[in-house]
Amino acid sequence: MYHRTIFFLLSLLVLPVVSSVNNSSNHTLPSSISGELYNEDLSVRPLPDGRVLTTFTFTTVLGAAPREPLTWDLSDQHYTLFPLTLGQILREYSVVELHLTLNSGKWNYDHWGYPDDPSVGTGAELWAWMTDGSPSTVDERWTGLRNALAGLFCASLGSLDARRTSSPSSAFPVSFPSSTSIPHALRYANLPSEHVCTENLTPFVKLLPCKSHAGMARLLNPQRLFDADWHGLSVHVQSTEKGVELKLGVQVVFDPVRLRKLDWSFRTLYDRIIDMPCPVAASSMVHVQVPNDDLHKLLPMSVVDDNLVATYNLTAGKRPYLPMFHTVNRKQYSDFPLDVSMTWPQEHVFHYPASHQSPLSPLSIKRTLYGSSQIHGLLSLALTNNEYHDIAVGYLENLPALITLWMHTMKVEVEGRVRDDLMSDISYRPHQPLTGGQKAPSTFQAILTVPARSTLRLSMEVSKTFLKYTEHPPDAMRGWDLPPAILFPVYGSTNSTHDAQWTRMSIKDRMYTPTLLIDLPTPDFSMPYNVIILSCTLITLIFGSIFNLLTRKWVIVRMED
């Protein structure tokens with residue numbers, strides 16, 4: 001009764017708009033209302049190591065363009081499905097494309113393959129393309145954008161100041177070139193120490209039309225999401241031919257093998273099920289990747305396509321799970337609530353795959369910082385090509401002023417031999433001084449060609465910065481987090497020849513290395529405590545002795561025989 005009441009109230013709020021849009025022959029709505037479209041999608045993919053990858057995608061398309069910086073006459077912002085708070089931020093700061101991710105954990109490319117959303121770097125990552133024009137500069141609007149998003153998502157994005165901001169346009173190209181003549185500028189920053197938690201998920205869910213009352217968002221249980229092995233939130237805004245497209249995503253990697261079995265369901269993963277559809281969703285689909293065997297059992301039953309994907313249509317009024325099965329009781333499977341489950345009846349204990357199996361990604365990445373000294377070190381990157389052809393990738397390092405790269409010590413080796421010919425298009429921007437004695441991050445970019453079935457090692461010496469004692473964090477002995485390096489695809493890297501031996505190919509999307517923990521020269525912050533204790537002890541002894549001499553009264557006591 002409770003769920004039916006919520007569904008009825010949501011219908012009263014949003015169904016008049018949907019019915020008016022469908023009945024466009026009788027009524028003509030403004031483009032700011034009739035041009036909006038909302039879709040939601042859930043993809044479930046079992047992984048070879050027993051884990052389960054679930055990806056939520058909530059897409060809202062708005063038939064409007066971001067405001068140019070020279071246009072100060074704001075148009076009517078009548079949003080029905082598009083979140084008003086985010087739309088105002090995009091218009092205020094003239095944002096053409098925006099990407100924000102908050103992730104926790106280490107993505108394992110070898111065992112999990114490519115993620116559905118490539119932005120899986122640990123911590124917070126923010127990059128945006130903004131129109132470059134007066135009266136406000138790009139840096140001023142970048143500062144306002146960071147602060148606005150920090151307040152909207154309750155995250156420490158205000159720390160992404162000029163000390164962490166750069167403009168690597170090669171690694172983050174604009175997805176949809178603008179037709180106007182106004183130039184665009186890129187700003188990129190990352191904060192590897194930022195963690196995602198419930199205070200980020202709560203405002204994230206509020207951006208959805210149905211919130212967490214109906215649809216796919218019913219499964220977003222924070223107690224289960226943040227207990228997973230890997231989890232992340234993403235906000236992607238980009239301009240398309242249809243208008244402004246907003247994609248809100250949630251990626252989670254669960255481990256059902258904790259209970260010694262491979263079985264999983266919505267109830268066991270999220271501790272929730274889908275009670276009702278979102279009434280404003282034009283499309284609401286659940287896609288489940290099915291293993292290529294006959295040992296599993298999928299419920300509710302569904303038609304599996306040629307790509308071994310079972311699809312469930314949860315769109316309001318369109319819920320035929322079994323369009324080709326007429327002998328099955330359709331009411332049992334097509335009515336809510338929905339709890340998709342996959343079991344292996346003949347398997348009692350899960351057996352992990354052998355470690356010698358081939359990785360699922362074309363490149364295996366290992367990034368290490370060597371050296372026990374607190375002043376010098378060696379930064380090493382190892383790329384292993386798992387394919388039978390050469391792979392050309394772009395390599396980006398965006399490092400804060402904590403360490404300094406020495407380019408003259410850079411060395412590229414393959415099987416112990418120096419191969420400088422495998423690196424090209426080198427670009428290095430050292431630390432630039434800022435106001436207040438701070439420094440901008442250094443940016444190193446290059447194109448690396450990894451030979452087939454071999455390992456390329458790139459190494460260079462680094463120097464660690466000596467910080468003032470006031471610049472250290474409260475947990476200074478823990479160390480500092482270095483942001484991950486990024487491998488990005490090189491477009492047009494395939495040669496014209498058809499010989500597979502001489503054909504260079506690239507990765508299909510960005511790849512992130514794990515973060516590093518660097519140990520900087522750190523003062524002994526316990527010394528002030530020791531000095532205070534010693535000083536207090538000496539003062540107590542001296543003061544006590546003098547006080548006794550000054551205040552004690554000496555008398556002669558006669559002893560009787």
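A disulfide here is a pair of cysteine sulfur atoms within 2.5 Å. Keep that cut-off handy for this tour of a predicted model: searching the whole structure with it turns up one disulfide.

Start there. Select Cys210 and Cys278, whose sulfur atoms sit 2.0 Å apart. The bond ties together distant parts of the chain, 68 residues apart: Cys210 is in the loop between H6 and helix H7 (222-225), while Cys278 is in the loop between helix H8 (266-270) and strand S10 (283-289). Look along the S-S bond of Cys210 and Cys278 and you'll find a torsion of about 75°, so this disulfide is right-handed. Cys210 and Cys278 are both buried.

Next, click on Cys154. Its closest cysteine sulfur is in Cys197, 8.8 Å away, which is too far for a bond. Cys154 is partly exposed, at 40% relative accessibility. Hop over to Cys536 and you get partly exposed again, at 42%.

Now colour the strands. You're after an open sheet of 10 strands with mixed pairing, ordered S5-S6-S4-S3-S7-S8-S2-S1-S10-S12. At the edges are strand S5 (165-166) and strand S12 (309-313), each pairing on one side only.

Zoom in on residues 230-239 (strand S7) and 244-254 (strand S8): this pair is antiparallel, with 10 bridges. To see one of the bridge partners, pick His236 and look across to Lys247 in S8.

Bring in the helices last. Helix H6 (residues 198-205) packs on the sheet, touching S3, S7 and S8, at about 35° to the direction of S7. Helix H5 (residues 138-153) lies across strand S3 (95-104), strand S4 (123-131), S5, strand S6 (184-191) and S7, and runs at about 135° to S4.

Technical notes. Residues numbered from 1 in each chain as written. Predicted model: local features only at pLDDT ≥ 70, side-chain atom pairs only at ≥ 80, totals over all residues. Heavy atoms only, no water. Pairing = 2+ DSSP bridges. Helix = DSSP H or I, 4+ residues; strand = E, 2+ residues; numbered from the N terminus. Contact = heavy atoms within 4.5 Å. Axes fitted to C-alpha atoms, helices over the stretch in contact; angles between N-to-C directions. Buried < 20%, exposed > 50% of the residue type's maximum accessible area, 1.4 Å probe, protein only.
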